[in-house]
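User: I keep meeting words like "buried" and "polar contact", and I'd like to see how each one is earned. Can we go through some?

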Amino acid sequence: MSPNSNFLRCIKCEKEYSSDEVRYRCDCGGLLEVRYDSLRATKKDFTGSGVWRYKKLLPVDCRVTLNEGDTGLYRCENLEKGFGVKLWVKNEGDNPTGSFKDRGMTVGVSKAIQLGLDKVACASTGNTSASLSAYCAKSNMKTFVFIPSGKIAYGKLAQAMVHGARIYSIKGNFDLALEMVNDFCAKHGVYWLNSINPFRLEGQKTIAYEVIEQLSFKPPDYIVLPVGNAGNISAVWKGLVEFRDLGLLDEPPKLIGIQAEGAAPIVNAIRDGHFSPVENPSTAATAIRIGNPVNAEKAIRAIRESGGSAETVTDEEILKAQRVLAQKEGLFVEPASAASVAGLLKCIESGKIEEGSRVICITTGHGLKDPDIVVERFKGEMVEIEKRELEILAQEI
Ligand code: AN7
């Protein structure tokens, strides 16, 4: 029995299902979320560290952990000078496999164990597969990952490989890989751990809890984060709403979702009032190269209910923000993560974020996941020398 009895509820028609049932969508096709018979916690209940500090607000007992969560909140005083806002970066690259996905997997894989399953699968632009593979290695489960061929960063691929996942490289993009893994799981009784799985999002909502606690319950005005399959922004909003309903937060921050210009279906939906997938999504930020986000409906609701918005950034803006964060704040984040900082800058310029606001940018993954993109840019500036040439360097000092 889980500590908090819970069930699944459709966000569209509100039909309810038992959480002992393996199910990813409502009969009506709507997305499901985890709901609790009674969700109760006070500040005193938050003890221990990381994701499981919030066990009173989670749907399963901890069955597998790699010490996820407790990521740093970094005040960015050097960037603030130019930006005119108060800025913190919540650096999810501090997690055990280097991305926020670990928060979801500790809960999602614990759920799989509770259900008595031993085979799991996901489609991935990289980080989900890296994280799932690590948690399943630890819990002795068989892992199947479906990745878009040639379109995932090497650091992430190396992680899935070394943790022993069975890797299927798909001739096509992430959206096709997701369709395929859906069929694969249904046919073979394999547990599906993409963010359509609402138990994963329960782990990820702890980003919001942690940020609010780290700011001593004085919430920021905005949380800016990258959006791909759109699970994380939905999870962050769920966490904020729960804290509000528990009386731990007066007014939740506004959420601003950032997408790459070539893969921006959520931004289009917020602007146009209706969702349609983007065919052939493209961006150098491979983590968020997603045209048909499975959680679109949850994410669009989250952005609207929070009073926030969405914005696109170009690849050039993303890579520039990555360098600025590394060179002014000492934080090396992967391109998708830097999209949050690039997006913040754009929102400040357009007046979407007012001067003097308190802002959190969530940087979702570590820069070492994708070193190639940086080395490509800088290798021409490296100087090869021999010992006898040391004297010449004096001119540079
Ligand atoms: C670094 O790994 O979708 O909007 O398959 O790796 O919750 O999808 C990764 C997504 C942002 C977008 N930043 O989060 C995958 C995958 C990083 C990411 C996102 C991802 P969602």
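User: Where is the place of threonine 97?

Analyst: Threonine 97 is in the loop between strand E5 (86-91) and helix H2 (101-114). Those labels are DSSP runs numbered from the N terminus: a helix is H or I with at least four residues, a strand is E with at least two. Bear in mind that this is a predicted model, where local features need pLDDT of at least 70, side-chain atom pairs count only at pLDDT 80 or more, and totals for chains, interfaces and linings use all residues. Residues are numbered from 1 along each chain as its sequence is written, and side-chain values use heavy atoms, with hydrogens and water left out.

User: Why does threonine 97 count as buried?

Analyst: Check its relative accessibility, which is 7%. Buried means under 20% relative accessible area, exposed means over 50%, and partly exposed is in between (1.4 Å probe, protein chains only). Since 7% is under 20%, threonine 97 gets the word buried.

User: What does threonine 97 touch, not counting residues up to four places away in sequence?

Analyst: Its list is Asp102, Ala130, Ser131, Ala134, Gln159 and Lys369. Contact here means heavy atoms within 4.5 Å.

User: Why is glutamate 92 called buried?

Analyst: Glutamate 92 has a relative accessible area of 0%, so the under-20% rule makes it buried. Glutamate 92 also lies in the loop between E5 and H2. Once residues up to four places away are set aside, glutamate 92 touches several others, including Thr71, Arg103, Ile207 and Thr364.

User: What makes the link between the side chains of glutamate 92 and asparagine 95 a polar contact?

Analyst: Their distance is 2.8 Å. A polar contact is a pair of N or O atoms within 3.5 Å; within protein, one must be able to donate a hydrogen and the other to accept it, and residues adjacent in sequence count only if both atoms are side-chain atoms. At 2.8 Å, the pair is within the 3.5 Å limit, so the name fits.

User: Why does lysine 119 count as partly exposed?

Analyst: Lysine 119 has 35% relative accessibility, and 35% falls in between 20% and 50%, so partly exposed is the right label. Lysine 119 is found in strand E6 (residues 119-123). Its contacts beyond four places in sequence are Lys142, Phe144, Val190 and Tyr191. The C-alpha atoms of lysine 119 and threonine 143 are separated by 6.1 Å, although 24 residues apart along the chain.

User: And why is asparagine 67 called exposed?

Analyst: Asparagine 67 has a relative accessible area of 68%, which is over 50%, so exposed it is. You'll find asparagine 67 in the loop between strand E3 (32-36) and strand E4 (73-75). Another thing to spot there: asparagine 67 has a positive phi of about 65° and is not a glycine. Most residues other than glycine have a negative phi.

User: Now for asparagine 127. Why does it count as buried?

Analyst: Asparagine 127 has 6% relative accessibility, and that is under 20%, so it's buried. Asparagine 127 is found in helix H3 (residues 127-138). Its side chain has a polar contact of 2.8 Å with the side chain of lysine 369.

User: How far is an oxygen atom of the ligand from an N or O atom in the side chain of asparagine 127?

Analyst: That gap is 2.7 Å, so the pair is within the 3.5 Å cut-off and is a polar contact. A backbone N or O atom of alanine 230 also lies 2.8 Å from an oxygen atom of the ligand. Taken alone the ligand exposes 470 Å², and the protein buries 99% of that (Shrake-Rupley method, 1.4 Å probe).

User: Where does the ligand sit?

Analyst: The ligand sits in the largest cavity. A cavity is a set of points, on a 1 Å grid over the protein atoms alone, where a 1.4 Å probe fits but cannot get out. "Sits in" means that more than half of the molecule's atoms lie within 2 Å of the grid points. H3 and helix H8 (231-245) are the elements that give two or more residues to the shell around the ligand.

User: Why does alanine 230 count as buried?

Analyst: Alanine 230 comes in at 4% relative accessibility, which is under 20%, so buried again. Alanine 230 lies in the loop between strand E10 (222-226) and H8, and its phi is positive, near 75°.

Notes
1 Å grid on protein atoms, 1.4 Å probe; cavity = no way out; pocket = protein on both sides within 12 Å on 5 of 7 lines; lining within 4 Å.
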